[in-house]
Amino acid sequence: MIFRRLQLLFVLMIAIAIVLPTSSAARSMQDHEAAQDAPVSDEREADEHVEEGDHEEEPAKFDAVHHNSDAYYLDFSPMPKLELPRIFVVRRADGEIGVDFFGSTHAAVEAGYVAEIEEGSHGGILDAHIVAGSGKILVDMSISKHLFFAWLSMLIVLGAYLPIAGRYKKGIGRDTAPKGRFHNLLESLVLFVRDDIVRPSIGPKADKYVPYLLTVFLFVVTCNLIGLFPFGATATANIMVTAVLAIMTFIYTMFAGTKDYWKHIFWPPGIPILVKPILIPVEILGLFTKPFALAIRLFANMTAGHLVILSLIGLIFSFADLFGPAVGFGVVPISVAFALFIFLLEILVAIIQAYVFTMLSALFIGMAAVEHEHHEDHGHDAEGSLATVEAGS
Amino acid sequence: MEPSGLAFLGAGLGAGLVALGAGLGIGRLAGPAMEASARQPEALGEIRTSMIIAAALIEGVALFGLVICIILAFK
């Protein structure tokens, strides 16, 4: 049964676990090389103070981009932040390579790591770039906010679907009708993915790809929706998470590719020989732009919605700063109404983008998996066979 | 004017133009698709699938433009 392959989630989990911290290491290297720009938006949120002692005096800034980006703590403001473990693969001063594990960023700093707080940044140690006191951090394997929420949504999907999978193995739902509200609810999603997305776009070999695409759909939709909960973060608003998903689709497309598919890419039939040098590079490029666009689309859609909500809320503080507190209070109803509207739109977008991601993955796999030539018409076959039957009789 | 200011201006204008182009493209695509599915509701599934493929291609190009704008704005 298709659910057996939910194990794919584990593969995804490992892949994201590897790629996500590496990316943050790469990013912090970039930060190291070129000093980062000042925070993009400068709306002030006067009543939120930073916990760290050295920044007690100035009010914390409200930074929408920063709020959406990855971090090494869970933000439960106004309650204290919950720091996540830091894991560093480090080359020590004597050239030995080791792994350091700390419960929190503060513990790492106390143990000799140095937090480089940027000039003019409003965050404390938590937002700073951590460097080794002696030696060099090779890979920053720390658990980050987005990784935490990616794992959380994987656990939710596994927790919801593994018991259901067990019931299917016993025959409940396969031989009989599904029992219970929960089972019925979840089966409707499975059938939606199989009958409305995968089968129409892949064709006869569709059922082989249902497990992967179902896993992707459930993971993405859970990630997207978890970001809309209070204190939640959207793991799919991180380009690395979407990139891993797109790479998985790319690998599936590679393995699904038939002889015809590769022929169409490397030696397109029915095209003048002089056009081929132009077309072949375009086709090869198209191989990579498809998953690239897949990753960017999900990432951009999930990031943009959150930024818009936060910017609308930020307008209150901008207006209060510019024209005084009274105007600020006046803007509140308008801002909140618009933010609520965008928020409701976000719920829709979260589901639509999961659908689009799965749909396009299925289409790319389907394009690669087709057996026959595109221009062959099934009608001719039918006519031909009819003619033979007539001739035979 | 500072060069970085010009870069921000270019990024902003570029993002706007990208949105304009993608909006026009997808609008031209979605309108006829709606009409077609109203005329032939039984072909709804096929029309929607091919509409999403075309929309994805248009959106893909728009996203490439957007990525360049983002690079321009953050570097």
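Start by selecting helix H6 of chain A, residues 210–226. Colour its residues by how covered they are: 16 of the 17 are buried, so you are looking at a helix that is mostly covered. Keep in mind as you go that this is a predicted model.

Now try a small check on H6(A). At 1.5 Å a residue, its 17 residues should span 24 Å, and because the C-alpha atoms at its two ends lie 24 Å apart, the expectation and the model agree.

Next, show the whole of chain A. You can find eleven helices and nine strands here. Of the 393 residues in chain A, 45% are buried. Turn on contacts within chain A too: among those between residues at least 6 apart in sequence, 67% join residues at least 24 apart.

Then bring chain B into view and select the place where it touches chain A. Twelve residues of chain B and 14 residues of chain A take part in the contact. Together the two chains bury about 1,200 Å², with carbon and sulfur atoms giving 76% of that area.

Which three residues should you highlight on chain B's side? Pick B:Ile52, B:Leu63 and B:Phe64: they supply 37% of the area that chain B buries against chain A, more than any other three residues.

For your last stop, zoom in on B:Glu59 and A:Arg297. Their side chains meet in a salt bridge, 2.5 Å from N to O. The count between chain B and chain A is one such bridge. Two residue pairs are in polar contact across this interface. Finally, colour chain B's touching side by class: seven residues are nonpolar, two polar and three charged.

Key
Residues are numbered from 1 along each chain as its sequence is written. Chains are lettered from A and ligands numbered from 1 in the order in which they are written. This is a predicted model: local features need pLDDT of at least 70, side-chain atom pairs count only at pLDDT 80 or more; totals for chains, interfaces and linings use all residues. Side-chain values use heavy atoms; hydrogens and water are left out. Contact means heavy atoms within 4.5 Å. Buried area is the accessible area (1.4 Å probe) that two parts lose on being put together, summed over both. A salt bridge is a side-chain nitrogen of Lys or Arg within 4 Å of a carboxyl oxygen of Asp or Glu. A polar contact is a pair of N or O atoms within 3.5 Å; within protein, one must be able to donate a hydrogen and the other to accept it, and residues adjacent in sequence count only if both atoms are side-chain atoms. Ala, Val, Leu, Ile, Met, Phe, Trp, Tyr, Cys and Pro count as nonpolar, Asp, Glu, Lys and Arg as charged, and the others, Gly among them, as polar. Helices (H or I, at least four residues) and strands (E, at least two) are DSSP runs, numbered from the N terminus. The expected span of a helix is 1.5 Å times one less than its number of residues. Buried means under 20% relative accessible area, exposed over 50%, partly exposed in between (1.4 Å probe, protein chains only).
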